Amino acid sequence: MTIGPDARAISPAPGTASSAADCPLSAAPRPAPLLPEILHPSQVAALAPPQLEQLAAEIRALLVGTVSRTGGHLAPSLGVVELTLALLSVFNPARDKLIWDVGHQTYAYKLLTGRQDRFPSLRRLGGLSGFPNRDESPFDHFGTGHASTSISAALGLAVARDLAGEDHHVLAVIGDGSLAAGLAFEGMNQAGAIAKRFIVVLNDNEMSISKNVGALSLFMSRNLSARWVRKAKRELEALLSGIPGIGGDLLEIARRSKHSFKNFFTPGMLFEALRFNYIGAVDGHSIPELQKALRLAAAQDRPVLIHVLTRKGKGYGPAESNPARFHGVGRFDPASGAPRPDGGALTYTRAMGDALCALAARDPRIVAITAAMPEGAGLREFSARFPDRFFDVGICEAHAVTFAAGLATRGLRPFLCIYSTFLQRAYDQIVHDVCLQRLPVIFCLDRAGLVGEDGATHQGAFDLAYLRHIPQITLFAPRDEAELQRGLATGLSLGSPFALRYPRGAGEGAALPEDLLSEPPLPVGQGEFLLRGDGSLAVLALGSMTAPALAAARDLATGGISPATVCDARWVKPLPLDNLKEIAATHDKILLLEEGCLSGGFSSAVLEYLADAGLLRAKRVERLGLPDAFVEHGPVPELRARLGLDRAGIAAKMREML
Ligand SMILES: Cc1ncc(C[n+]2csc(CCOP(=O)(O)OP(=O)(O)O)c2C)c(N)n1
């Protein structure tokens with residue numbers, strides 16, 4: 001069943017900004033603010049339409065003001081202000097269960113569900129999470145952060161409701177980018193078959209972080225479909241008018257049914273094939289239209305999908321005109337949208353992207369793949385310089401890995417540039433499709449270690465543990481951006497599965513290789529002694545822990561404490577055995593450091609080796625790394641300090657051991 005108005009051209013809702021130019025921040029202040037009065041979401045249902053419009057404007061102003069100070073996911077949240085208000089006004093927030101996909105768009109929802117007082121603490125240590133969190137609020141029914149889980153989870157809640165004989169509503173709100181993942185379709189596939197009563201709200205803004213990609217996106221694209229529909233209509237008219245006798249009558253009938261003709265060729269076809277009732281497309285910035293569609297959906301007894309059209313960044317000029325930059329933004333000047341200066345240091349991400357371009361310029365086998373993060377993963381320049389060798393596969397990490405494996409079977413050298421946390425999605429593909437077949441796929445794992453404000457769902461804690469037990473893979477962790485660049489060239493030279501993991505943010509300021517291609521590859525399985533001590537303590541550090549370990553050892557030495565040996569391990573697989581043997585032969589106290597989970601990671605590997613080789617006897621080995629707990633959100637320096645992983649924490653541990 002296809003129901004509802006067609007709102008492909010979004011018209012501005014009364015009282016909301018109609019374009020990037022008229023930002024509500026500059027609108028005249030409204031007399032009695034409503035937002036502070038909303039202490040419980042059920043109050044939203046009692047508001048009249050003009051009050052809802054006023055509330056939308058107040059929410060937008062607060063979001064822009066707060067996120068300009070905290071950083072965060074601004075554009076996604078601005079895009080769903082009216083949708084959030086409509087959902088809370090039609091459904092009963094005390095009973096009905098609302099699940100937000102990714103959850104990066106929930107800032108308005110947080111403000112309206114009893115969290116206003118804590119909103120200034122957004123993403124700060126001990127403050128509100130940037131995502132839904134079941135521990136944070138009874139209105140957060142499912143924790144998210146990674147994309148495309150909402151339909152499966154909502155279906156689970158709907159089935160549980162029916163088994164318990166309850167009758168509340170269950171809703172999933174999912175973006176068009178997140179809908180592209182196999183997981184979302186797996187959920188719809190089951191939902192259509194078992195016909196449970198629940199509602200999927202598709203928030204279609206034609207954007208993932210960047211412009212959305214893929215055939216599904218093309219199919220849903222309002223521009224394409226409008227053009228396509230016009231062309232199809234012209235052709236039909238020509239055909240009908242050419243039929244002698246009855247052609248004119250038929251043409252008249254077709255013209256009168258213009259609306260249904262247009263509706264027939266909509267994404268509704270796709271969802272209805274999956275046995276969802278389709279409502280749409282609905283103007284996602286018109287609260288009355290949204291309410292109408294939501295009420296229609298609530299009255300049905302089977303899966304329904306409401307197709308809502310929104311504008312990412314709605315109501316704040318700079319975000320409307322550059323939604324990708326304001327998807328997840330650092331601190332900025334709210335008046336102009338200009339970023340606050342961040343020091344401008346070269347990031348690991350940039351060093352990777354630059355080096356990959358340099359390598360690709362000379363090696364036509366190189367192709368680069370991202371799963372919906374061309375900017376975040378450092379591939380913007382690559383995509384511009386080598387468009388035929390660049391692939392954004394959408395939020396489809398598992399597919400990205402197997403796609404890379406397929407490319408590699410034919411002699412290409414795929415570099416999959418991906419965040420550590422998102423590669424978790426593709427474990428079997430790494431094992432079965434890449435490593436088992438010893439295919440030369442290079443995994444560039446960005447944001448490995450602590451990522452900070454995005455919190456527990458995004459920390460790159462587990463990559464070493466989920467990779468190091470897989471046969472045939474080589475694992476490398478550079479201590480600075482120069483080693484990262486050399487590591488990429490080394491990985492390319494090997495011709496087998498290879499992973500590099502590097503942290504978020506600025507590099508160490510190391511001098512970069514002038515001509516990467518003329519540098520010899522790094523010797524695999526060999527670390528590097530950076531300081532030779534007096535034998536009292538050896539520190540074996542991995543990747544991002546090397547610089548603070550070195551600094552801590554120097555601090556201790558200048559303080560008159562025995563000089564420690566510091567070795568950069570570089571390799572997790574194969575382990576730097578010669579360095580380990582030497583350390584074990586000359587030191588009784590060893591400190592192992594990694595910015596990854598202690599369970600099953602680098603230091604576990606070293607302990608296993610030392611134990612197996614009989615080198616652990618009479619040794620004191622200690623380790624610092626991420627605990628067996630999910631690390632919450634907060635600035636990376638604060639998290640590192642809390643976990644004892646900064647220079648001061650490492651120095652304290654060394655002092656204690658000495
Ligand atoms: C598994 C996974 N991969 C990548 C991401 C990074 N990510 C966060 S939001 C986003 C885009 C989501 O697009 P869409 O669902 O359309 O929502 P919008 O931001 O446009 O509102 C991406 C790629 C993620 N959170 N989870």
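**Exercise 1. Which residues does leucine 423 touch, leaving out those up to four places away in sequence?**

Step 1: set the cut-off, where contact means heavy atoms within 4.5 Å. Step 2: list the partners of leucine 423, leaving out residues up to four places away in sequence: Val401, Leu416, Ile418, Ile430, Phe443, Leu445 and Tyr466.

A word on ground rules: this is a predicted model, where local features need pLDDT of at least 70 and side-chain atom pairs count only at pLDDT 80 or more, while totals for chains, interfaces and linings use all residues. Residues are numbered from 1 along each chain as its sequence is written, and side-chain values use heavy atoms, with hydrogens and water left out.

**Exercise 2. Find the largest nonpolar core and say where it lies.**

Step 1: get the terms straight. A nonpolar core is a set of buried Ala, Val, Leu, Ile, Met, Phe, Trp, Tyr and Cys residues joined through side-chain atoms within 4.5 Å. Buried means under 20% relative accessible area, exposed over 50%, and partly exposed in between (1.4 Å probe, protein chains only).

Step 2: size it up. The largest nonpolar core has 80 residues, and Phe382, Leu423 and Phe443 have the most contacts inside it. Helix H14 (residues 348–362) gives the largest share, 8 residues; helices (H or I, at least four residues) and strands (E, at least two) are DSSP runs, numbered from the N terminus.

Step 3: place it. Domain 2 (348–509) and domain 3 (529–657) both contribute residues, so this core lies between them. The bounds come from an automatic or database domain assignment.

Step 4: look for another. A second, separate core has 53 residues, including Leu63, Ala86, Leu87 and Ile199.

**Exercise 3. How many residues of domain 2 are in contact with domain 3?**

Step 1: recall the layout, which gives domain 1 (2–205 + 270–321) besides domain 2 and domain 3. Step 2: take the centres over C-alpha atoms; those of domain 2 and domain 3 are 26 Å apart. Step 3: count, and you get 31 residues of domain 2 in contact with 34 residues of domain 3.

**Exercise 4. Which elements do the buried residues of H25 pack against?**

Step 1: pick out the buried residues of helix H25 (residues 647–657), which are Gly649, Ile650, Ala651, Lys653, Met654 and Met657. Step 2: follow them to their neighbours: strand S14 (538–541), helix H21 (546–558), strand S17 (589–597) and strand S18 (620–626).

**Exercise 5. Hunt down the backbone oddities.**

Step 1: start from the usual picture, in which most residues other than glycine have a negative phi and most peptide bonds are trans.

Step 2: check omega. Glycine 280 and alanine 281 are joined by a cis peptide bond, with omega about -10°, and alanine 281 sits in strand S5 (residues 277–283). Lysine 573 and proline 574 also share a cis peptide bond, with omega about -5°; proline 574 is in the loop between strand S16 (571–573) and helix H22 (577–586).

Step 3: check phi. Alanine 195 has a positive phi of about 55°, in the loop between helix H6 (182–194) and strand S4 (199–204). Alanine 372 has a positive phi of about 70°, in the loop between strand S7 (366–370) and helix H15 (380–385).

Step 4: compare exposure. Alanine 195 is partly exposed, at 28% relative accessible area, whereas alanine 372 is buried, at 7%.
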